[in-house]
Amino acid sequence: MTFDVEKARSHFPALKSGFIFGDNAGGSQVAIEVADRVYDYLLNTNVQLGADYSISVLSTDKVTVEGPKEAAKLINALPEEIIFGPSSSANMENLARSLDDDIQAGDEFILTGEHEANNGPYKKLAARRGAVIKYWRPSPTNPNNPYSVALKVEELLPLITSRTRIVAFTACSNILGSVVPVKEVAKAARHAAKEQGAKKVEISVDCVAYAPHRLIDVEDWDVDFCVFSFYKVYGPHTSALFVRQPALHHSLKSIVHHFLKVDNLAGKLQPGGPGYELVYGTTGVIPYLLSLTPEHDLKATFKAIAEHEQTLVEPLLSFLTDPVQEARGVRVVGEEKSGLTRVPTISFLVVGEKPIKSKDVVKVFDKKGGIGIRYGHFYAHGLVDSLEPKVDIDDGVVRISLVHYNTVEEVHTIIGILKEVLA
């Protein structure tokens, strides 16, 4: 069945302008189903939660029942395992603070040098508690392109020892665009940790760049912590954090007001209330996603999304890796081949005898108008800074990040401008 991209686009009023949104990894457009719920909440039920009068009862249900229930459906979790926060950075910082009392000096954390939201809080936690940081770094997949890096499971396993306590990695890089086989990684990591005699290992997955493109399944993956941002999944600017119940009960301390009785509740990681209208707004994401396929099923929807997105990945990667562009100095940052292990988040550099700064590539697009792409490190500072040959961290990479509501025609428009830039 052919994916109906025009039907998908009809749910996003912003797309009617004709502007080409190519910075979706920084934040997607918002589906009308989401905006309608935010509007409804603010105009009809904008009261404090927890009171006994009728409007507060309704508002409390929208925020504390419907919000977590819908978020849990999206990732195959339990509603009581969901925490809302203003961003994934904030959610991960709260998670790390909550872990303080369960981390011992000498414990080892294995991190990927991706978005700072996932590894920054663990680095600070390690500094507070005397833990040791190890990095699972990506390595080249094409010997002719040192920037064609990807994470490889076999390069993770030697890092695991009897002191391994946390393994925190990305499910999809917001720079590289490669999908990490989370279930395979988690299984291999737990097996290796058991063989090494590690007493307690918890697995933390950053799904911010994964969630717009693939279906999350924390139960099947066998992970302990998972975070994603609704504002990159066609929703409002809020984040959801999954914490598996055993970790919630035995690993995490409360970081909220001392008089609140939340020791066994997800609320122990939620200091202050989340944006109530935003939490309720997230309940519009699943109805939108279900509308995209006749099966009315999330698995079918994400399968259709993945297949459509390959029609965006293929022409753009084919252009960037063409021998003509390679000779010009274009180097894809990440895996160069299309396929279902690749999402349409595509980064590149222009190096060689006639290099072009990333900001100057983007400047051409900005000057022409009508298209939004970006340059920089995109908060994956450690990843960009570790690339060899060295990359100017302040200039970073050019990133074109597309999602399922983008069209093949838009990709060809982008390619047309790139041809001018590289001429």
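A residue is called buried when its relative accessible area is under 20%, exposed when that area is over 50%, and partly exposed in between (1.4 Å probe, protein chains only). By this definition His213 is buried, because its relative accessibility is 3%. The structure is a predicted model, in which local features need pLDDT of at least 70 and side-chain atom pairs count only at pLDDT 80 or more, whereas totals for chains, interfaces and linings use all residues. Residues are numbered from 1 along each chain as its sequence is written, and side-chain values use heavy atoms, with hydrogens and water left out.

Helices (H or I, at least four residues) and strands (E, at least two) are DSSP runs, numbered from the N terminus. Two strands are said to pair if DSSP finds at least two bridges between them. An open sheet of seven strands follows the order S2-S10-S9-S8-S7-S3-S4, and its pairing is mixed. Strand S2 (82-85) and strand S4 (132-135) form the edges, each pairing on one side only. From one strand to the next, the twist averages 20 degrees. For such values, axes are lines fitted to C-alpha atoms, for helices over the stretch in contact, and angles run from 0 to 180 degrees between N-to-C directions.

Two helices that pack on this sheet may be described, contact meaning heavy atoms within 4.5 Å. Helix H3 (residues 54-75) touches S2, strand S9 (225-229) and strand S10 (239-243), and its direction makes about 110 degrees with that of S2. Helix H7 (residues 182-196) touches strand S7 (164-170) and strand S8 (202-206); the direction of H7 makes about 160 degrees with that of S8.

Strand S3 (residues 108-111) is joined to S4 by four bridges in the parallel sense. Ile110 stands opposite Lys134 in S4, and the bridge partner of Leu111 is Tyr135 in S4. In a regular strand the side chains alternate between the two faces of the sheet. In S3, Glu108 and Ile110 lie on one side and Phe109 and Leu111 on the other; all are buried, and both faces of the strand are thus covered.

A second open sheet, of four strands, has the order S11-S12-S15-S14 with antiparallel pairing. Its edges are strand S11 (330-333) and strand S14 (374-376); each has a single partner strand, so one side of each lacks a neighbour in the sheet. Here the twist averages 35 degrees from one strand to the next. Strand S12 (residues 345-350) pairs with strand S15 (residues 397-401) over four bridges in the antiparallel sense, and Phe348 stands opposite Val398 in S15. Helix H12 (residues 298-320) packs on the sheet, where it touches S11, S12 and S15, and its direction makes about 10 degrees with that of S12.

The buried residue His213 is located in the loop between S8 and helix H8 (218-221). Leaving aside residues up to four places away in sequence, His213 touches Phe302, Ile305, Glu309, Val343, Pro344, Thr345, Leu402 and Val403.

Lys261, in the loop between helix H9 (245-250) and helix H10 (276-281), is exposed, because its relative accessible area is 78%. Lys261 and Arg328 are separated by 67 residues in sequence and by 63 Å in space, C-alpha to C-alpha. Leu42, placed in helix H2 (residues 32-44), has a relative accessible area of 39% and is therefore partly exposed.
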